[in-house]
Structure formats: structure tokens, C-alpha cells
Amino acid sequence: MKKFTLVALAVIATALFGTFNANAQEFVEPEQAFDVLQIGMLRSVVTNQDTTPVYGLRFGLPICGGKAPVNGVDFAIIGSQSDIVNGFQYGTFFTIDKDFCGLRIACVNAGEKTAGVEIAAANLTKESTLQIGAFNMAKKGFQIGIINVMEDAVLPVMILFNFAF
């Protein structure tokens with residue numbers, strides 16, 4: 001039984017990460033400068049958050065975010081406002097972005113396009129692969145939660161789950 005469970009989890013993880021990789025942003029060229037560790041105070045206050053991509057960790061004390069992409073972990077004590085994230089994003093209170101690929105966790109997740117999993121009390125994204133939360137809102141994707149609002153679904157508002165592809 002344990003082997004079956006491990007194989008099933010491996011198949012699910014492969015399917016999910018395959019989806020993530022299909023939507024991932026291009027990697028920077030080797031000659032382009034990038035940071036392995038970037039520390040932010042507020043969105044765009046530290047100027048390299050707008051110009052230098054991160055391949056590693058962007059850490060927000062208390063908030064981080066900028067126009068340059070994060071490939072790895074985007075972690076903020078209060079919240080993250082990075083435009084493009086490929087990997088894991090965490091903000092205690094909020095995460096806001098334009099293009100996200102991976103797993104993100106916060107009290108409130110908001111954004112334009114998410115390829116991956118969002119876990120929050122409230123998920124407010126235009127396009128999402130999977131939302132898990134008390135209140136979920138998107139135009140299309142799959143939702144699990146108490147109240148699920150999906151603009152393109154057959155039933156736009158449902159309890160427990162909703163979907164539209």
C-alpha cells in the first residue's frame with residue numbers, strides 16, 4: 001500500500017510540475033547578471049528588484065517585489081508583490097503578481113495568471129490552475145473551497161468546488 005501511495009504521489013507531482021514547466025518564463029542568459037539572494041524592504045524601493053532577476057531567494061523585510069523575475073523562492077514577512085515568480089511564493093498576509101508558476105501561500109493571493117497551486121483564505125486570480133481556500137475567484141481553472149466563483153463555469157457560483165477550462 002505504501003508503494004502504491006508513493007507511486008501515485010510521484011505521478012501527480014510529475015503531472016503538476018510538468019504543467020508548471022510548460023508555463024515557466026525563459027531563463028536569463030548566462031552573461032546577464034542575476035542575484036542568488038535579494039533582500040527587499042518595499043516594492044521597488046531596492047532598485048535591483050526591478051532590474052536584476054533572482055535565481056535563488058528574494059526575501060522581504062517586511063515586503064518585497066519588483067519587475068524582475070524570481071526563479072526559486074519569494075518569501076516575505078508581510079507580503080510579496082513580485083511581477084513574475086517561478087517556484088514558491090509566501091507572504092504572511094498577501095501575494096500579488098502578474099505571472100506566477102508554482103505554489104503560493106498567503107492569507108490573500110491575487111494576480112492575473114497562475115499556473116500552479118494557490119492556497120489562501122481568499123484567492124483572487126483571473127486565470128488559475130488550482131485554488132484552495134475559503135473564497136476562490138477566477139475566470140477559469142479548478143477551485144476547492146467554501147465559496148467558489150468561476151466566471152466561465154456552467155454554474156458561476158458553487159459551494160465546495162467549481163471548474164472551467
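The exercises below concern the fold and the charged side chains of a predicted model.

**Exercise 1. Describe the secondary structure and the surface of the protein chain.**

Step 1. Take the elements: the chain has two helices and eleven strands.

Step 2. Put them in order from the N terminus, which gives α-β-α-β-β-β-β-β-β-β-β-β-β.

Step 3. Turn to burial: 39% of the 165 residues count as buried.

Step 4. Add the surface. The accessible area is about 8,900 Å², and carbon and sulfur atoms hold 73% of that area.

Step 5. Look at sequence separation. Among contacts with a separation of 6 or more, 7% are between residues 24 or more positions apart.

**Exercise 2. Find the salt bridges of arginine 104 and state which residues they join into one network.**

Step 1. Count for the whole structure: there are two salt bridges.

Step 2. Identify the partners. Arginine 104 pairs with aspartate 97 at 2.6 Å, N to O, and with glutamate 118 at 2.5 Å, N to O.

Step 3. Place the second pair in the fold. Arginine 104 belongs to strand β7 (residues 94-105) and glutamate 118 to strand β8 (residues 108-119), so this pair ties together parts 14 residues apart in sequence.

Step 4. Combine the pairs: through shared partners, the salt bridges link Asp97, Arg104 and Glu118 in one network.

Step 5. Check burial. Arginine 104 has 0% relative accessibility and is buried; aspartate 97, with a relative accessible area of 4%, is buried; glutamate 118 is buried as well.

**Exercise 3. Determine what the side chain of arginine 58 makes a polar contact with, and where the nearest side chain of opposite charge lies.**

Step 1. Locate the residue: arginine 58 sits in strand β2, which covers residues 54-60.

Step 2. Test for a salt bridge. The nearest side chain of opposite charge is that of aspartate 74, 4.9 Å away. A salt bridge requires a side-chain nitrogen of Lys or Arg within 4 Å of a carboxyl oxygen of Asp or Glu. Arginine 58 therefore has no salt bridge, although the residue is buried.

Step 3. Look for polar partners. The side chain of arginine 58 makes a polar contact with the side chain of glutamine 38, at 2.8 Å.

Step 4. List the surroundings. Leaving out residues up to four places away in sequence, arginine 58 touches Gln38, Gln49, Thr52, Cys64, Gly65, Gly66, Ala68, Val70, Val73, Asp74, Phe75 and Ser82. Asp74 is thus in the contact list, while no salt bridge is assigned to arginine 58.

Terms used: Residues are numbered from 1 along each chain as its sequence is written. This is a predicted model: local features need pLDDT of at least 70, side-chain atom pairs count only at pLDDT 80 or more; totals for chains, interfaces and linings use all residues. Side-chain values use heavy atoms; hydrogens and water are left out. Helices (H or I, at least four residues) and strands (E, at least two) are DSSP runs, numbered from the N terminus. Buried means under 20% relative accessible area, exposed over 50%, partly exposed in between (1.4 Å probe, protein chains only). Lys and Arg count as positive and Asp and Glu as negative; His and the chain ends are not counted. A polar contact is a pair of N or O atoms within 3.5 Å; within protein, one must be able to donate a hydrogen and the other to accept it, and residues adjacent in sequence count only if both atoms are side-chain atoms. Contact means heavy atoms within 4.5 Å. Accessible areas come from the Shrake-Rupley method with a 1.4 Å probe; for residues, only the protein chains shown count as cover.
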